[in-house]
Amino acid sequence: MKRRVLILALAATSLIAPGLALAQQGSDSLGADYGLQQNDVRQCVKQGGCVPLSKVIAEINRRSPGRELDAGLEQSGDRIVYRVRWAGKDGRRIDYIVDAHTGAVISAK
């Protein structure tokens, strides 16, 4: 009986360990540079060059009630944009591209 428990414990550990390794490396859906993006956004907002992400999220929620899946700052051509991945109440996923300087929604797909 003890041997069977030990075998099951080892098998479970071998299944879980790869996931733990990824978590320890900081791997997530937002990418490895997510922390740097947060600092960039804070600096841009502090200098008055970007609309706070909280205002962008509030506007998207007014347009399409739901919840944010993730968000990040990106360069799109010559402008800085927020990419906000959104889950609508109907379950549909929408990628919003929002001008970071004005808060205007550029696209929603």
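This passage walks through the salt bridges, the nonpolar core, the disulfide and one histidine of the structure. The model is a predicted one, and the positions below follow the numbering of the chain from 1.

Charged pairs come first. Side chains of opposite charge can pair when their charged atoms come close. Searching the whole structure turns up five salt bridges, and three of them are picked out here. One joins Glu-59 to Arg-62, with 3.2 Å from N to O. Both partners sit in helix α3, which runs over residues 53-63, and they are three residues apart, or about one turn of the helix. As for solvent, Glu-59 is partly exposed at 30% relative accessible area, while Arg-62 reaches 61% and counts as exposed.

Another salt bridge links Glu-74 with Arg-83, and here the closest N and O atoms are 2.8 Å apart. Glu-74 falls in the partly exposed class at 31% relative accessibility, and Arg-83 does too, at 25%. Then there is Arg-79 with Asp-99, whose closest N and O atoms are 3.3 Å apart. Arg-79 belongs to strand β2 (residues 79-88) and Asp-99 to strand β3 (residues 93-99), so this pair ties together parts that are 20 residues apart in sequence. The two ends of that bridge fall in separate accessibility classes: Arg-79 is partly exposed at 35%, whereas Asp-99 is buried at 10%.

Next, the inside of the fold. The largest nonpolar core contains 16 residues, and those with the most contacts inside it are Val-56, Ile-60, Tyr-82, Val-84, Trp-86, Tyr-96 and Val-98. Helices and strands both feed into this core: α2 (34-46), α3, β1 (66-76), β2 and β3 each supply at least two of its residues. Val-56 gives a nice local view. Leaving aside residues up to four places away in sequence, Val-56 touches Val-51, Tyr-82, Val-84 and Val-98. Tyr-82, Val-84 and Val-98 also appear among the residues with the most contacts inside the core.

The cysteine count is short work, as the structure has one disulfide. Cys-44 and Cys-50 are the partners, and their sulfur atoms are 1.8 Å apart. The torsion about the S-S bond is about 75°, so the disulfide is right-handed. How accessible are the two partners, Cys-44 and Cys-50? Cys-44 is buried, with a relative accessibility of 13%, and Cys-50 is buried as well, at 7%; the cut-off for that class is under 20%.

That leaves His-101, which is found in the loop between β3 and β4 (105-108). Its relative accessible area is 43%, which makes His-101 partly exposed. Setting aside residues up to four places away in sequence, His-101 touches Gly-49, Cys-50, Val-51 and Ile-80. This list brings the loop residue into contact with Cys-50, one partner of the disulfide, and with Val-51, which is also touched by Val-56. Gly-49 takes part through its backbone as well: the backbone oxygen of Gly-49 lies 2.3 Å from a polar atom of the His-101 side chain. Finally, the C-alpha atoms of His-101 and Tyr-82 are separated by 9.5 Å, with the two residues 19 apart along the chain.

Note on methods
This is a predicted model: local features need pLDDT of at least 70, side-chain atom pairs count only at pLDDT 80 or more; totals for chains, interfaces and linings use all residues. Side-chain values use heavy atoms; hydrogens and water are left out. A salt bridge is a side-chain nitrogen of Lys or Arg within 4 Å of a carboxyl oxygen of Asp or Glu. Helices (H or I, at least four residues) and strands (E, at least two) are DSSP runs, numbered from the N terminus. Buried means under 20% relative accessible area, exposed over 50%, partly exposed in between (1.4 Å probe, protein chains only). A nonpolar core is a set of buried Ala, Val, Leu, Ile, Met, Phe, Trp, Tyr and Cys residues joined through side-chain atoms within 4.5 Å. Contact means heavy atoms within 4.5 Å. A disulfide is a pair of cysteine sulfur atoms within 2.5 Å. A polar contact is a pair of N or O atoms within 3.5 Å; within protein, one must be able to donate a hydrogen and the other to accept it, and residues adjacent in sequence count only if both atoms are side-chain atoms.
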